Amino acid sequence: MANTTAPSRDLRALPAAPGPLGLLDSTIGQKIVMATTGAILVGFVLFHFIGNALIFAGPEAINDYSHLLHHSHGLIWVARAVLLLAVVLHIATALRLTAKNASARPQPYKVKRDIATNYAARTMVWSGPILLGFLLYHLAHLTFGVTPGPYQHSPEDVYSNLVNGFSIPWVSGLYIVSMLSLGYHLFHGVWSMFQSLGINHSAYNPRIKHAAIGLALFITLGNISIPLSVLLGLVH
Ligand code: HEM
């Protein structure tokens, strides 16, 4: 009589399912981490832009908003902790995926095909580090107020900090160039986020691509409008 309790030969031949840590070592697990942390960061830059756009409503509006955030009874610290974790995981996972890709293809392609995805993917390699450099400068500039400049930084007066900061052309230029790389990064990031999450169908892909372009343009042009308006004297 056959032994019905013994596992079948085929089942025993299957590899053990990876645990949560094993999943983080797999390419698909790492892409999910990139997509999730990317979504958190996109949410932040969108929210951050909407808050900063209050500069167009005058000093009181943006200063009150900043005051509200800073007196949110610990909520700001929870948001900061989530953001920091998202940034660290996003960068660490990007480095692991890049190293994995490089070791899987030790010989560079002889002919570099400039198809759209290739181009956007390559921009991630330079737009990512530019954004990290920008973020460090930006925190020193507008959060800690420790960058050199002919003005006093006041934590209570975000409006004046922005107007005084962006009145210096090279500071505005630096922000504008950084926002252009943010645009590239956002477009490719949002597009690949959908691919990584398996939301990928020829019927929806053109719409997803247009949404990624629209979101990237909205945040990029919106952010650029702030230093540009100060430079042009529209906000003073
Ligand atoms: C032209 C574009 C931008 C402007 C005008 C701007 C403006 C500001 C201002 C005024 C603050 C200080 C807020 C306060 O103390 O109440 C701030 C903080 C910050 N910004 Fe931006 N920002 C811009 C783009 C960005 C981008 C693209 C990122 C992310 C990549 C970013 C990340 C941050 C972070 C993490 C903080 C610190 C928030 C905190 O206090 O925890 N900013 N920004």
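**Helices, cores and a ligand shell**

Tutor: L46 sits in helix 3. The model is predicted.

Student: Why does L46 count as partly exposed?

Tutor: L46 has 15 C-beta neighbours inside 10 Å. Buried needs 20 or more, and exposed needs 12 or fewer. The count for L46 falls in between, so L46 is partly exposed.

Student: How do you know where L46 lies relative to I219?

Tutor: Their C-alpha atoms are separated by 6.4 Å. Along the chain, L46 and I219 are 173 residues apart.

Student: Which residues of helix 3 and helix 9 meet?

Tutor: On helix 3 they are V45, L46, F49 and N52. On helix 9 they are I219, G222, N223 and I226. By class, this contact has five nonpolar, three polar and no charged residues.

Student: What describes the way the axes of helix 3 and helix 9 cross?

Tutor: The axes of helix 3 (residues 27-52) and helix 9 (residues 205-231) come within 10 Å. They cross at roughly 35°.

Student: What makes the crossing of helix 3 and helix 9 left-handed?

Tutor: The label follows the turn of the near helix from the far one: left-handed is anticlockwise, by less than a right angle. Helix 3 passes helix 9 in a left-handed crossing, so the turn here is anticlockwise.

Student: Now the next helix. Why is M193 called buried?

Tutor: M193 belongs to helix 8. It has 21 C-beta neighbours inside 10 Å. The cut-off for buried is 20 or more, so M193 counts as buried.

Student: What does M193 touch, leaving out residues up to four places away in sequence?

Tutor: A35, G38 and A39. There is also a C-alpha distance to V33: 9.8 Å in space, with the two positions 160 residues apart in sequence.

Student: S192 is also in helix 8. Why is S192 called partly exposed?

Tutor: S192 has 19 other C-beta atoms within 10 Å. Buried starts at 20, and exposed ends at 12, so S192 is partly exposed. From S192 to A212, C-alpha to C-alpha, is 9.6 Å, with 20 residues of sequence separation.

Student: What makes a set of residues a nonpolar core?

Tutor: The members must be buried, of the listed nonpolar kinds, and joined through C-beta atoms within 7 Å. The largest such core has 16 residues. L182, L186, F187, V190, W191, A212 and A216 have the most contacts inside it. Helix 3, helix 8 and helix 9 each supply at least two residues of this core. Helix 8 gives the most, with nine residues.

Student: Which residues is V190 in contact with, leaving aside neighbours within four places in sequence?

Tutor: V42, A212, L215 and A216. A second, separate core has eight residues, including V158, I226, V230 and V235.

Student: Why is H73 called exposed?

Tutor: H73 has 6 other C-beta atoms within 10 Å. Exposed means 12 or fewer, so H73 is exposed. It is found in the loop between helix 4 and helix 5 (75-104). Phi of H73 is near 55°, a positive value in a residue other than glycine.

Student: Which residues come nearest to the ligand?

Tutor: N52, S66, L142, N223 and I226, of the 20 residues around the ligand. By class, that shell has 13 nonpolar, six polar and one charged residues.

Student: Which helices each supply at least two residues of the shell?

Tutor: Helix 3, helix 4 (59-70), helix 6 (116-143), helix 7 (158-166), helix 8 (169-196) and helix 9. Helix 6 has the largest share, six residues.

Student: What does the secondary structure of the whole protein chain come to?

Tutor: Nine helices and zero strands. Of the 236 residues, 18% count as buried.

Student: What share of the contacts with a separation of 6 or more comes from residues 24 or more positions apart?

Tutor: That share is 75% in the protein chain.

Conventions. Residues numbered from 1 in each chain as written. Predicted model: local features only at pLDDT ≥ 70, side-chain atom pairs only at ≥ 80, totals over all residues. Axes fitted to C-alpha atoms, helices over the stretch in contact; angles between N-to-C directions. Helix = DSSP H or I, 4+ residues; strand = E, 2+ residues; numbered from the N terminus. Contact = placed C-beta atoms within 7 Å. Nonpolar A, V, L, I, M, F, W, Y, C, P; charged D, E, K, R; others polar. Near = placed C-beta within 6 Å.
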